[in-house]
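Let's take a friendly walk through this model, beginning with local detail and ending with the whole fold. Please keep the structure open beside the text.

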Amino acid sequence: MKHAILGAGAIGGLVGTALASFGEDVTVVIRPEKLAGFLGNLLLERPSGWLTAPAKAVAVLTKPVDALWIATKTYQLQTALETVQVSPACVVPLLNGVDHIAVLREQFGRERVVPATIAVEAERIAPGRFIQRSPFVRLNLAAKGEPLLGAIIAQLGNLGFTCQFIPNEQTLLWSKVCFLAPLALVTSASGMNVGEILADAAWKQKLSSALAEACAVANASGAEVDPLQLQAVFDGAPPAMRSSMQKDLAAGRQLELDAIGGPIVRGGERYGIDVSITVNLMAAIQTKTVAPRP
């Protein structure tokens, strides 16, 4: 199959390298000024070893592809889509939040978009060079994508990815929001890692309350999310774990604050659910933000 990666940062680079490593045809869409520096291959360092594979790079996607994997930041999505001048057979967005699905279906059509989520700690360390820091990669996709992508996902499973096709799209999307939002908001507002939060009674309570609010909105939206299961994940998380938002905040980078926390706040208003902890955490983070670094 022919694949294109829109957003060749940590997540896009990880997925693109993995796909190319077992022979898939991969093209990364990068900024025009970066083309000259692209070396023609992708390199991923993983806890289990190294993956490297050839890939092409373009500034504008003009040739048809079977699957377009989108891994931009949510605030970069609209600009990035301007570089896509074809209609892929399948669009697989790996963005945070839920609101991007409607945007993509408006552009590409409902049936072409296969919602997906990914959970992994990864970084881009240089152009075309990536590192997977967490021992796991969890990739979930809407069940409608299985006929086209089933064989590809099976091969990713052979690389150690944990993959599932989920029948309920709301459960798929909100399960990540319900994990990511409390983690991102509490770590960013407190400046603590997970271990420090769980050891602090006040911040641990805020984490539990934020989780409860997110799950209440998720279930009102048609998802089936169990807060007790997610609480167990937090309790078993590596103590040194920090969220990507927390790292972005410390580095002065632009945050995905609305994409991650906004659906909970807007859902609370829509369904009459108290989400005051989430609102207060977002406000606390907002006071810490500075102008993004160029």
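## The β3–β4 hairpin

Strands β3 (residues 41-46) and β4 (residues 49-54) run antiparallel to each other and are paired over six bridges. Remember that you are looking at a predicted model here. Two residues make up the hairpin connection from β3 to β4. If you would like a landmark in this pair, try Leu44, which sits opposite Leu51 of β4.

## The β9–β10 hairpin

A second antiparallel pair is formed by strand β9 (residues 122-126) and β10, with four bridges between them. Here Ala126 has Arg129 of β10 as its bridge partner. Two residues lie between the strands of this hairpin, and Gly128 adopts a positive phi near 75 degrees there.

## Val137, just past β10

Follow the chain onward and you reach the loop between β10 (129-132) and β11 (138-142), where Val137 is located. Is Val137 buried or exposed? Its relative accessible area is 0%, so Val137 counts as buried, the cut-off being under 20%.

Which residues does Val137 touch, once neighbours within four places in sequence are set aside? The contacts are Leu14, Arg46, Ile118, Ala119, Val120, Gln132, Phe161 and Thr162. Arg46 links this site back to the earlier hairpin, as β3 covers residues 41-46 and Arg46 is in contact with Val137. For a sense of distance, the C-alpha atoms of Val137 and Cys163 are 8.3 Å apart, with their positions 26 residues apart in sequence.

## Leu61, between β5 and β6

The loop between β5 (56-58) and β6 (67-70) holds Leu61. This leucine is buried, with a relative accessible area of 4%. Beyond its neighbours within four places in sequence, Leu61 makes contact with Ala4, Val29, Leu68, Thr83, Val84, Gln85 and Val86. Leu68 falls within β6 (67-70), one of the two strands that flank the loop.

What separates Leu61 from Lys206 in space? Their C-alpha atoms are 44 Å apart, and the two residues are 145 positions apart along the chain.

## Pro88, between α2 and β7

Pro88 is found in the loop that runs between α2 (77-81) and β7 (90-93). With a relative accessible area of 0%, Pro88 is buried. Apart from neighbours within four places in sequence, its contacts are Val65, Leu68, Phe108 and Arg112. Leu68 appears again here: it is in contact with Pro88 and also with Leu61. Thr117 is 29 residues from Pro88 in sequence, and their C-alpha atoms are 19 Å apart.

## The whole protein

Stepping back, the fold contains 11 helices and 12 strands. Its radius of gyration is 19 Å, close to the 19 Å given by the globule rule for 294 residues, so the protein is as compact as a globular protein of that length. Along the principal axes, the C-alpha atoms fill a box of roughly 50 × 35 × 35 Å.

Of the 294 residues, 51% are buried. Among contacts with a separation of 6 or more, 65% are between residues 24 or more positions apart. The accessible surface amounts to about 13300 Å², and carbon and sulfur atoms contribute 54% of that area. As for charge, there are 25 positive and 24 negative ones, and their mean positions lie 7 Å apart.

How values were computed: Residues numbered from 1 in each chain as written. Predicted model: local features only at pLDDT ≥ 70, side-chain atom pairs only at ≥ 80, totals over all residues. Heavy atoms only, no water. Rg over C-alpha atoms; globule rule 2.2 N^0.38 Å. Buried < 20%, exposed > 50% of the residue type's maximum accessible area, 1.4 Å probe, protein only. Contact = heavy atoms within 4.5 Å. Areas by Shrake-Rupley, 256 points an atom, 1.4 Å probe, with all protein chains shown as cover. Lys, Arg positive; Asp, Glu negative; His and termini not counted. Charge placed at Lys NZ, Arg CZ, Asp CG, Glu CD. Pairing = 2+ DSSP bridges.
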